[in-house]
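Visitor: Hi, could you walk me through this one? I have a few quick questions.
Guide: Happy to, let's bring it up.

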Amino acid sequence: TKLSDIIPFMSDRTAKVSLTVFRIFAIMGIGYWLYDTIKKEKSKVLIIALIFVFAGALGNIIDSVFYGVIFNDSHAQIASFLPEEGYDSLLHGKVVDMLYMPIWEGNLPNWIPRYGGSRFNFFEPVFNVADVAISIGFGILIFFNKKAFPKTTASVD
């Protein structure tokens, strides 16, 4: 889906710049939260989770801000670093830190019900490294919530 389908009053290019600007403000907030957490010597679990989220968000920002300028289009070819002309202007980059790692590809045996004889690719999804880092950070916050945000006892005077 295109961004203009989600936000119909904006062109794709305006929506892309708006999303990039939002990401920049978001990472500034995450960066401040991380700085403040380290400065106040809070939970190590919280610090590690925030580092993952910050690193992933920074990776997405680098993609969207700079990659249109420093790479050419990689459709059906390997992208070239620092070409004479990039594939787009500043703030209009695409996400490029994707991994595709099929482990096995072939035809399934005919004896398998319903799917036998059909083509199969084990571990076909393409995934984004930056989004994996963000997901790990949020997963840490969800699963280790009590360690990340320990309750402090209020002192009674």
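Visitor: Is tryptophan 104 buried, partly exposed or exposed?
Guide: This is a predicted model, and in it tryptophan 104 has 40% relative accessibility, so it counts as partly exposed.

Visitor: And which residue forms an aromatic pair with tryptophan 104?
Guide: That would be phenylalanine 120. The ring centres are 6.3 Å apart, with 40 degrees between the planes, and the pair is tilted.

Visitor: What about the accessibility of phenylalanine 120?
Guide: Phenylalanine 120 is at 34% relative accessibility, so it counts as partly exposed.

Visitor: Where do the two rings sit in the chain?
Guide: Tryptophan 104 is in strand E2 (residues 104-107) and phenylalanine 120 is in strand E3 (residues 119-122). They are 16 residues apart, and the pair links distant parts of the chain.

Visitor: How many aromatic pairs are there in the whole structure?
Guide: A search of the whole structure turns up 1 aromatic pair.

Visitor: Switching to helices: at what angle do H3 and H4 pack?
Guide: About 155 degrees, with the axes of H3 (residues 44-70) and H4 (residues 129-143) 7 Å apart. Angles over 145 degrees count as roughly antiparallel, and H3 and H4 are therefore roughly antiparallel to each other.

Visitor: Left-handed or right-handed crossing?
Guide: The crossing of H3 and H4 is left-handed.

Visitor: Which residues make the contact?
Guide: On H3 they include Val45, Ile48, Phe52 and Gly56, and on H4 they include Ala130, Asp131, Ile134 and Phe138.

Visitor: How does that contact break down by class?
Guide: The contact of H3 with H4 has 14 nonpolar, 4 polar and 1 charged residues.

How values were computed:
Residues are numbered from 1 along each chain as its sequence is written. This is a predicted model: local features need pLDDT of at least 70, side-chain atom pairs count only at pLDDT 80 or more; totals for chains, interfaces and linings use all residues. Side-chain values use heavy atoms; hydrogens and water are left out. Axes are lines fitted to C-alpha atoms, for helices over the stretch in contact, and angles run from 0 to 180 degrees between N-to-C directions. Helices (H or I, at least four residues) and strands (E, at least two) are DSSP runs, numbered from the N terminus. Angles under 35 degrees count as roughly parallel, over 145 as roughly antiparallel, 65 to 115 as roughly perpendicular and the rest as oblique. A crossing is left-handed if the near helix is turned anticlockwise from the far one by less than a right angle, and right-handed if clockwise. Contact means heavy atoms within 4.5 Å. Ala, Val, Leu, Ile, Met, Phe, Trp, Tyr, Cys and Pro count as nonpolar, Asp, Glu, Lys and Arg as charged, and the others, Gly among them, as polar. Rings of Phe, Tyr and Trp (its six-membered ring) pair if their centres lie within 6.5 Å; planes under 30 degrees apart count as stacked, over 60 as edge-to-face and the rest as tilted. Buried means under 20% relative accessible area, exposed over 50%, partly exposed in between (1.4 Å probe, protein chains only).
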